[in-house]
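Here is a short set of exercises to work through with the model open beside you. Try each task before you read its solution.

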Amino acid sequence: MGKTENEEKKKFLWRYRDSVRRLERISAEIEEIRAMQMGVSAGTGRVGRKGWKNDLSEYASKLDSLKRELNDEWKARINTYKEIRNIIGSIEDEREQDVLFYKYIKGLSFWKIGEKMECSETWARVIHGRALENLKI
């Protein structure tokens with residue numbers, strides 16, 4: 001099995017963690033917009049050429065857009081999870097399933113995976129390699 005094939009499998013499996021990061025970023029953006037909105041509504045907005053910015057419609061519009069984006073990303077995350085979980089579940093060896101789950105769904109390091117599975121980091125890496133070989137995408 002070539003390195004390219006394993007890299008493609010890893011890229012496929014990392015999609016879930018990518019979705020988790022996007023959700024965290026969008027949520028942080030929403031928090032930031034809300035904080036700015038609160039500052040403007042309290043009259044602490046910055047002064048520009050036109051004076052205090054009291055119009056909150058710009059913030060409301062951006063907030064609505066981010067909420068829709070967050071909702072769409074949640075749906076995508078659920079679908080990605082199901083797809084990846086089903087593929088991981090198709091591997092016969094449960095230890096291989098565990099390693100892939102902990103690595104690509106939970107985002108754990110090989111050291112932490114070894115700790116959870118009561119084996120060494122090196123052995124977790126070996127199991128990971130076997131799991132990738134047995135993974136059918």
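**Exercise 1. Decide whether Glu118 is buried or exposed, and describe its backbone.**

Solution. Start with accessibility: Glu118 has a relative accessible area of 74% and so counts as exposed (buried is under 20%, exposed over 50%, partly exposed in between, with a 1.4 Å probe and protein chains only). Next, place the residue: Glu118 sits in the loop that joins helix H4 (110-117) to helix H5 (121-134). Helices (H or I, at least four residues) and strands (E, at least two) are DSSP runs, numbered from the N terminus. Finally, look at the backbone: phi of Glu118 is near 60 degrees, a positive value in a residue other than glycine. For context, most residues other than glycine have a negative phi.

A word on the ground rules: the model is predicted, with local features needing pLDDT of at least 70 and side-chain atom pairs counting only at pLDDT 80 or more, while totals for chains, interfaces and linings use all residues. Residues are numbered from 1 along each chain as its sequence is written, and side-chain values use heavy atoms, leaving out hydrogens and water.

**Exercise 2. Summarise the chain as a whole: its helices and strands, and its burial.**

Solution. Count the elements: the chain has 5 helices and 2 strands. Then read them along the sequence, which gives α-β-β-α-α-α-α. For burial, 33% of the 137 residues count as buried. For contacts (heavy atoms within 4.5 Å), take those with a separation of 6 or more: 63% of them join residues 24 or more positions apart.

**Exercise 3. Work out how helix H3 packs against H4.**

Solution. First the geometry: H3 (residues 94-105) and H4 pack at about 135 degrees, and their axes are 10 Å apart. Here the axes are lines fitted to C-alpha atoms, for helices over the stretch in contact, and angles run from 0 to 180 degrees between N-to-C directions. That angle makes H3 oblique to H4 (under 35 degrees is roughly parallel, over 145 roughly antiparallel, 65 to 115 roughly perpendicular, and the rest oblique). The residues in contact are Arg95, Asp98, Val99, Tyr102 and Lys103 on H3, with Phe110, Ile113, Lys116 and Met117 on H4.

Now zoom in on Ile113 of helix H4. Its relative accessible area is 0%, so Ile113 is buried. Not counting residues up to four places away in sequence, Ile113 touches Val99, Tyr102, Lys103, Leu108 and Ala124.

**Exercise 4. Which kind of aromatic pair do Phe101 and Tyr102 form?**

Solution. A search of the whole structure finds 3 aromatic pairs. For Phe101 and Tyr102, the ring centres are 5.9 Å apart and the planes are at 65 degrees, so this pair is edge-to-face. The rule is that rings of Phe, Tyr and Trp (its six-membered ring) pair if their centres lie within 6.5 Å; planes under 30 degrees apart are stacked, over 60 edge-to-face, and the rest tilted. Check the surroundings too: Phe101 is partly exposed at 23% relative accessible area, and Tyr102 is partly exposed at 22%.

**Exercise 5. Find the ring face that Lys103 lies over.**

Solution. Lys103 lies over the face of Phe110, at 4.3 Å from the ring centre. The test asks for NZ of Lys or CZ of Arg within 6 Å of the ring centre and within 35 degrees of the ring normal.
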